[in-house]
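Me: Please take one strand of this model and look at it closely, with its pairing, its aromatic contacts and its surroundings. I would like the cut-offs stated along the way.

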Amino acid sequence: MLLLACAHAAGSPRVPAPEFASLEREVARRINAYRTAHRLPALSYDTAVARIARAHSRDMAAQRVPLGHDGFNRRVDQLGRFLPLVATAENVAFNTYSANSTVRVAVHGWLASPHHLENIEGKYDLTGVGIARAGDGAFYFTQLFVRAGVSPRR
C-alpha cells in the first residue's frame, strides 16, 4: 500500500454517478469517527468536493497521472470556484485489497502516517472522497479536506 499527503493554505464539472459511493462514504465515516473520538468536530460531506476528488482518483486509476498530488493546485482552483477557501489538504492512497477491506486498509494507513494524520486532524470543516478502481483491480483513493471562510455558495 502506498499513501501520500499534501496540503495548501490559502462549479465542478458533472461526472457520472460514482460506482463506489458507499465506499467513499465509509471513508468519511471512519475519518469522522476518528475525529470525534479525539474531540475534533466532524467534517461535513460535500458531494461537489467528492466529484473533484473522484476525478483525481479516476485519473490515477487510468494512469493519466501518477499516484500522488499532480494537479493539486488545479483541484484547489476548482474548489475555489464554489467555496471561499481558507485552507485545503489532500490524502491519496492505493491498495489491492478486496472491496470488503480496501477502505479499512486505506484509512488505517493514513492514521498510521504522521503527514496524513496531520490532514485528518486539521482545522477543516468539509471533506469529499473519491475512489476509483483500475483495470487490474487496484483501488485509488483521494480525500480532500477544506476549510471554508464562510458558508459555501451554492
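Reply: What follows is a close look at strand β5 and its surroundings.

The model is predicted, so local features need pLDDT of at least 70 and side-chain atom pairs count only at pLDDT 80 or more, whereas totals for chains, interfaces and linings use all residues. Residues are numbered from 1 along each chain as its sequence is written, and side-chain values use heavy atoms, with hydrogens and water left out.

Strand β5 covers residues 139-148; helices (H or I, at least four residues) and strands (E, at least two) are DSSP runs, numbered from the N terminus. Nine of the 10 residues of β5 are buried, where buried means under 20% relative accessible area, exposed means over 50%, and partly exposed lies in between, with a 1.4 Å probe and protein chains only.

Strand β5 pairs with two other strands, β3 and β4, on the criterion that DSSP finds at least two bridges between the partners. With β3 (residues 85-95) the pairing is antiparallel and runs over 10 bridges; within it, V92 stands opposite T142 and A89 stands opposite F145. Strand β3 is itself largely enclosed by the rest of the structure, because eight of its 11 residues are buried. With β4 (residues 126-133) the sense is again antiparallel, over eight bridges, and L126 has V146 of β5 as its bridge partner. The strands β4 and β5 form a hairpin with five residues between them, and G137 in that turn has a positive phi of about 95°.

The structure holds four aromatic pairs, counted when ring centres of Phe, Tyr and Trp (its six-membered ring) lie within 6.5 Å; planes under 30 degrees apart count as stacked, over 60 as edge-to-face and the rest as tilted. One of them joins F20 and F139 in an edge-to-face arrangement, 5.6 Å centre to centre with 75° between the planes. Since F20 lies in the loop between β1 (2-9) and α1 (21-37) while F139 lies in β5, the pair ties together parts that are 119 residues apart in sequence. Both F20 and F139 are buried. Another pair, F94 with Y140, is tilted, at 5.0 Å centre to centre and 50° between the planes; F94 belongs to β3 and Y140 to β5, 46 residues apart. The two rings differ in their exposure class, F94 being partly exposed at 24% relative accessibility and Y140 buried at 10%.

The largest nonpolar core, a set of buried Ala, Val, Leu, Ile, Met, Phe, Trp, Tyr and Cys residues joined through side-chain atoms within 4.5 Å, has 22 residues. Those that touch the most other members are V27, I31, V103, W110, I131, F141 and F145. Strand β5 is among the elements that give two or more residues to this core, together with α1, β3, α4 (102-111), α5 (114-120) and β4, and α1 gives the most, with five residues. Apart from this core lies another, of 12 residues, including I52, F72, V76 and L83.
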